[in-house]
Every structure is written in structure tokens, then in C-alpha cells.
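This briefing concerns aromatic contacts, charges over rings and the setting of one valine. The structure is shown first.

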Amino acid sequence: MGNPDGGWYDDTPPRVVSASPGDKATGVSSRKVTINFNEFIKLEDAQSKVIVSPPQIEMADIRAAGKRIIIELKDSLKENTTYTIDFSDAISDNNEGNPMGNYTYSFSTGDYIDTLEVSGYCLNAENLEPIKGILVGLYKDEEGADTLFRTTPLLRVSRTNGSGFFTIKGVAPGRYHVYALQDADGDFVFSQKSEMIGYSREVVEPTWKLDTRQDTVWIDSLHIDNILKVPYTHFLPDDLTLLCFQEPQTDRYLLKTERKDPEKIELFFTYGSDSLPKVRGLDFDAADAFVLEPSQHRDTLCYWLRDSSLINRDTLTLEVQYEMTDTTGLLVMKTDTIEALPKMSYEKRQKQAKRDYEKWEKDQEKRRKRGEPYDTIMPQKPLELKFTPQGQVDPTQSIVIEVPVPLQRCDTSAIHLYCMIDSVWYRSPHVFSQVDTRTYRLLAEWQQGTEYSLEIDSAAFESIYGRVSNPVKQGIKVRTNDDFSTLVVDLAGLPDIPSGGQLVVQLLESSDKPTRQAVMGQDHTAEFYYLKPGTYYLRAFVDLNGNGIWDTGVYDEDLQAEPVYYHTEKVECKQKWDVTRSWNVTATPRYRQKPLAITKQKPDKGKQLRNRNIERARSMGKQYIKEQGL
């Protein structure tokens, strides 16, 4: 006696039995296509997975209905053109989800089918990250081809997968240029600066050859039965690499205004400007009413109110005159009226202050009853200082001091640095400077292994609201060479570096974020000293203009983004180690350079048949496997 197990699983993927018009049919004039299968099927995410080429300005209607897929093309058919409908892995059977695998249907409105293919990769030019889902297409190589990208839809298209890989199918013989476009508005042309693009001036001429590839036959997950050589048609080129970028977003307009805290008003712009806005108070005198704190790129402006009477007002009305980009792309003056309201009204702030006072008063009363020291006047909150780093510093580090609000006064004579030599404290020379509105830096010649003491007198810092800092005494220990590692990178296979340019080598954390960078010297080496032990990765870019930062491209100026390269292996640095790495920068193709460990866009997980019948047969015994030929 026993329980029936339900029988054999359906592990067979769906199969096409017919199509109307037939697959690879010629002379087609109908815009409706029906593909019939041997079982009920489902179509997954047709809008993003199914690609119709040539591209359709009006989106095609693609839907599954029982055992068929129906495609209705809305655009008029072009003469003598091969149409391909690439389903990728979107088709599977309805019950068990067995994937059909990559499937492409094609037909032609002419007398023959174009069958050539062009393949390659799309990568983010800044970090060689594969770009998934970006549109890749072709234009014919003809006079004025560089202007087509802005005026004419792409001829044939494809989309990239999770590895950034694309295949453009149904290509006719000829010479082409390849473009990539993150099409935001669905017009298949580069019409917005916000669209990521990639292009190559290299002319592509599709070809093919007969080739073979290995196909491994497995007995099970550990043992190989045979390795077969399978003939196939190898289409070329198959390794095109487009480095995609987004143009500088130089259009300037006011995004928003905020007054999260009652003492400051913030203006957020899409892009910075050398010309600061002119601010006029409509219900108050704005002359000398603010302390301005601009961001590094001047795209965010913070106006700190000096006067407490203005801080206590719930509404401040300002007239702001600033530069803005008009519809022609030129900067023009624009005037806005802004009402700045804090998130918490003055009344609520007063109630909160009253609750805080009552809580403090109760605490002091308890202390008085217990005979402990107590205050009769609530002290003002001190000005809090933030020190970075604390405790231990590297020999090349400086101490950064941040204050929460702008300062009215900073007494540098009240800042003292001492070092201990032979158990005696001595004054140590240092330089104290202001970095920006609320950031200060203390520089010193640190001696390795030496103890220091940073001491700041009471009231050395005073904010614009009269709050002063408490006295500070902070011990500092300087790390020694034994705490660090040194890395020297020997560079070879260098790309072209123009006069005035340089090769910048960056040391990356496991998050792909640069932690240090160095310029390649004349001996073709980049050196990194005082490295904390850990695992690092290497990236380099050709700094074409010598400004020390990576710059993106501009299509209308035929300016590509600055070239970026990755070292394929990680670098282990340990205490007391002097590490040397040899790096041939251009030896590995760009699409295979970035280590998978720091690649955020992982390859797609391919859908595979589960072969559950093999497991079922195995559970029933080896003899049964032989009988069934499994």
C-alpha cells in the first residue's frame, strides 16, 4: 500500500507549432502576427523584455491568449525591411513555468530576410558598471550621420541584459554606426540632456563565419559524460563596447526652498552659478540680515538669519532675483517671491521650551531636596564642536572641527596643541584655518608614536546667536609606520595621454568608492603611503584636462567621457607590508575589467529547466533510470 505521487513532471518547454505570417516569411504586408504553441503559455513583462525592430514609435500591442501570442504593430510597415520580434526569455508554459529560452520571430516586407547580427556591451563610462535595459541601435554610415541621433529614430534596436550585453538582429549588409540611448520619452532619438547616451565613431560592418563551440554533457552535477563540438554561425563584431555617459546638467532653475529650522532658509538649484541671487526682504530689512553658506558647487544656498526677532517670525517674505536657463538655453534673470515658513511655528517652539524649562526646574528641585548642588538659573546650551578624527590620527591627517551654526568670533589664541617628549608636555606648532562657513582645520607636523593634547579654552568659539563653546581637552595619539601598509602600482599598457593631461589612479573600497588617489609619476608608478590594512581595488582614468576629477562627455562637441579603467584583481594590504602591483591598464577588454565583487549590477539569473524527472527517477532506483533511458 502507498500514496500515488502524481506521476512524471511536465519539464518540457513550450514549442512553436505555427505562425501567421510564417516565421521568416517574405513579402509580408499584414501588421498582425499570430504565433501558435503546443500548450498554454504566459508572457512575462512584454513591455520591457520584448523588442520589436525596427523600433515602433507607437508601441505595439503584444499579448498572450491561451496557446498563442498575438502581436499588432501600430506603425506602418517599411518597404524591403526585415522585422524581428525578440522575446528573450519572456515565454514560458502556463502551468509549470518551463522557460522556452531565447526566441526571435522575424519576417520581411521584401524578397529576403536579413540575418546578420551585431553584439557588444554597454557600460557606464564613469565606473564601468554594466547598464541594464538601455536601448542600443544602428544608423547607416552616410554623410550627416552624426546629426541623425538628434533627428531620426534608430534603424534597428535591442536592449541590454543584466551584464550590459546586447544583440541587434536582422541587420542588412552595410556599414553602420552604433549608438546607445536611455530613451526617456520613447521617440528613439537623443532629445533630452538627462538621457544617458553612448556612441562610437568606429564604423561597423557586420560579417559572419562558421565556427564551433564546446557543449558539455553532464552525467550529474559533478561528472561529465562528454564534451561535444557544436557548429554554429558566428556573427561579428560581437564585442563592441559603448561607454555611456550623461551630459553635464547645466540647465539652471530653482528646484525648491526650505525652512526646516527657523534660523535658516535654503534655496536649491539644479546647477550652480558664479552670480549669487539678489535677496530683498518684502516685510523686513534684508540688509546684513543673513550669513550666506553656499555649497561647493553653489547649487545649494543656505541663508542663516542673524536677528532673533526674524527667527521668531513664522513667515518671512523675500524677493529673490537669480539666473535661470530659458527655453533657448540662455541664462536670464528671473524674480520669484518666496514665503519662508518654518516647520514648527513660534508658538510650538515656545511650548517646547517651556516644557524643557519645567523639566529642568523639577530636576534642580530634586537636587536641592537631596542636598546636592543645584542651579537657580537655567544655563544656556553650549556651542557643540565636532572633531574628526578622534583619539588616533594618521601622520598625514589633519584635525577637522565642525560647528553647527556660523561663528561670530573664533579666538585662535585660545587653541593650544601640546606634545609629550620625555614625559614633559611642550607646545607644538600648528596652523589653524577656516575651510568653509562652518568647517575649520588644524594642521600639525605629527611625530609618529607621540602623544598630543589639543586644548581649547572656554568661549574660544562664539556663534552668531551668542552661544559659546565649553573648554575642550582631547588626547591624540599618532599612529606609527607599523600600523600601515604601502602600495606601489607599476603601470604599463598606457592609453594615450595628451599634453597637459595625466593618469589618475584611485584606490577603491569594497563599495567602489574612492578613498585615495595619486597621479602617475614619470616612472609610470602610482604610490600610496600610510594605508590602513584592508582589501582595496584599483581604478584609473585619463584626466584629459588635468583638473584632477573625472569629466563626462558632450555629444554636440564630439567629446567622449574621460576614459576609465579597472584592475581586474583585488589588492590585499596588511600591517607592515610593502605591496607592489603590476597593472597593464589596457590588456583586458573594458567589459571584463571590473571585478564582480564590486559590481553592483549583477548578471541576470538565466531561467533553466528544472529536470525534476531525473530526481524522481533517481528516488525510484537506478534500474528504473536505465529502463527509462534517463
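Seven residues, Tyr139, Phe149, Tyr179, Phe190, Tyr199, Phe245 and Tyr555, make up one aromatic cluster. The model is predicted. Across the whole structure, a search returns 24 aromatic pairs.

**The Tyr179–Tyr199 pair**

- One aromatic pair is formed by Tyr179 and Tyr199, with a separation of 6.4 Å centre to centre.
- The pair is stacked, because its planes stand 20 degrees apart and planes under 30 degrees apart count as stacked.
- Distant parts of the chain are linked by this pair, whose members are 20 residues apart.
- Tyr179 belongs to strand β14 (residues 176-181), while Tyr199 belongs to strand β15 (residues 197-199).
- Tyr179 counts as buried because its relative accessibility is 1%, under the 20% limit.
- Tyr199 likewise counts as buried, at 2% relative accessibility.

**Charges over rings**

- The charged end of Lys67 is placed over the ring of Phe40, 5.4 Å from the ring's centre.
- Over the face of Phe268 lies Lys256, at 5.0 Å from the ring centre.

**The setting of Val204**

- Val204 is located in the loop between β15 and β16 (207-218).
- With a relative accessible area of 5%, Val204 is buried.
- Leaving aside residues up to four places away in sequence, Val204 touches Val118, Gly174, Arg175, Tyr176, Val178, Pro237 and Leu240.
- Val204 and Leu138 are 66 residues apart along the chain, and 9.4 Å separates their C-alpha atoms.

Terms used:
Residues numbered from 1 in each chain as written. Predicted model: local features only at pLDDT ≥ 70, side-chain atom pairs only at ≥ 80, totals over all residues. Heavy atoms only, no water. Phe/Tyr/Trp six-rings, centres within 6.5 Å; stacked < 30°, edge-to-face > 60°. Helix = DSSP H or I, 4+ residues; strand = E, 2+ residues; numbered from the N terminus. Buried < 20%, exposed > 50% of the residue type's maximum accessible area, 1.4 Å probe, protein only. Lys NZ or Arg CZ within 6 Å of the ring centre and 35° of its normal. Contact = heavy atoms within 4.5 Å.
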